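Hi,

Here is the structure I promised to pass on. Have a look at it first, and my notes follow underneath.

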Amino acid sequence: MKNNFTSWSTFFVLGVCILLSSCFNELPQKEETIAIKHYPVVKNNEAGNASLFLKVQLSHQEGTNEWDEIPIDAIDGFNYQMGYDYVINIRKEQMHNEATDGFYTAYTYLSEESKELVSPNATFELPLKSPSYQPATLAFGNVEVGYKMLGEIPIECSTLCEDLDITLETDGTVTGVFRHNGNNIIKLIQLK
């Protein structure tokens, strides 16, 4: 009888341990509503290279002037278009990267609550050259072939193309003031 009790208690303790360890192995997952700004921002990615990021306001930041940045392609299934302010629903979950034994946040697009076209007069600033980024010059190209922000977003510079070319060659830091020009093109309206 005592052996039978010991066997049952061993199985019980083993079962509780397995149950508890499976609970601890579950990674957090949360659905939430986020806001996304109409223009991307430039930040250094984990590898230290300049990349485009979305400016997002997570649900706990709502009603504040606090924004976070996530890589522009981080929300799986979301088709971001510049020139629109979005409110979308996402699933946010912690994922384990076995190769690095680290964790990262994965975002999955669920649905769109709103997509509002910003005013044609809305302006925003982006760095075009800065020693804070690698590469320092973020506007790739020249007057002949045109410019693209980090090789991705076409920049319409019209009357400012020559000035942009010279400023990128001579100044250490260059910032552009932009407006949206449709079809994910940005129009340079001022150099700083």
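**Salt bridges and what surrounds them**

K192 and E125 form a salt bridge, with their closest N and O atoms 2.6 Å apart. That pair ties together distant parts of the chain: K192 sits in the segment after β13 (186–191), E125 belongs to strand β8 (residues 124–129), and the two positions lie 67 residues apart in numbering terms, as they are 67 residues apart. E125 counts as partly exposed, at 42% relative accessibility. Before you read on, please keep in mind that this is a predicted model.

The count of salt bridges comes to four, and I'll go through two others here. One of them joins E32 to K92, where the closest N and O atoms are 3.2 Å apart. Again the partners come from distant parts of the chain, with E32 in strand β1 (residues 29–36) and K92 in strand β6 (residues 84–97), 60 residues apart. Is E32 buried or exposed? E32 has a relative accessible area of 6%, so it counts as buried, the cut-off for that being under 20%.

The other one is between E69 and K43, and there the closest N and O atoms are 3.7 Å apart. This pair also links distant parts of the chain: E69 is in strand β4 (residues 68–71) and K43 in strand β2 (residues 41–44), 26 residues apart. Both ends are partly exposed, E69 at 29% relative accessibility and K43 with a relative accessible area of 32%.

**Around β12**

Back to E125, since that residue also leads into the strand pairing. Its bridge partner in β12 is V177, and β8 and β12 pair in the antiparallel sense over five bridges. On its other pairing, β12 runs antiparallel to β13, and five bridges join those two strands. If you want a place to start looking there, R179 has K187 as its bridge partner in β13.

How much of β12 is covered? Mostly covered is the answer: six of the seven residues in this strand (residues 174–180) are buried. The hairpin of β12 and β13 has five residues between the strands, and G182 in that hairpin takes a positive phi near 75 degrees.

**The disulfide**

There is one disulfide in the model, and it joins C157 to C161 with an S to S distance of 1.8 Å. The torsion about the S-S bond of C157 and C161 is about 95 degrees, so this disulfide is right-handed. Both cysteines are buried: C157 is at 3% relative accessibility, while C161 has a relative accessible area of 15%.

**Two pockets**

The largest pocket has a volume of about 300 Å³. It is lined by 14 residues, and E46, P71, A74, T105 and Y107 are the closest to its centre. Which strands supply at least two residues each to that lining? They are β2, β4 and β7 (102–117). Of the contributors, β7 gives the most, with four residues. By class, the lining divides into seven nonpolar, three polar and four charged residues.

The second largest pocket has a volume of about 200 Å³. This one is also lined by 14 residues, and those closest to its centre are M82, G83, L117, H180 and G182. You'll recognise G182 as the hairpin residue with the positive phi. The lining has six nonpolar and eight polar residues, and no charged residues. Compare that with the largest pocket, where four charged residues are part of the lining.

**One more residue**

Y107, which came up at the largest pocket, has a C-alpha atom separated by 9.1 Å from that of Q94, a residue 13 positions apart from it along the chain. Q94 lies in strand β6, the strand that also holds K92 of the salt bridge with E32. At 28% relative accessibility, Q94 counts as partly exposed.

That's what I have for now. Shout if you'd like to go over any of it.

Cheers

Key
Residues are numbered from 1 along each chain as its sequence is written. This is a predicted model: local features need pLDDT of at least 70, side-chain atom pairs count only at pLDDT 80 or more; totals for chains, interfaces and linings use all residues. Side-chain values use heavy atoms; hydrogens and water are left out. A salt bridge is a side-chain nitrogen of Lys or Arg within 4 Å of a carboxyl oxygen of Asp or Glu. Buried means under 20% relative accessible area, exposed over 50%, partly exposed in between (1.4 Å probe, protein chains only). A disulfide is a pair of cysteine sulfur atoms within 2.5 Å. On a 1 Å grid over the protein atoms alone, a cavity is a set of points where a 1.4 Å probe fits but cannot get out, and a pocket is an open set with protein on both sides within 12 Å along at least five of seven lines; lining residues have an atom within 4 Å of a point. Grid points are joined across faces, edges and corners, and a volume is the space filled by probe spheres set on the points. Ala, Val, Leu, Ile, Met, Phe, Trp, Tyr, Cys and Pro count as nonpolar, Asp, Glu, Lys and Arg as charged, and the others, Gly among them, as polar. Two strands pair if DSSP finds at least two bridges between them.
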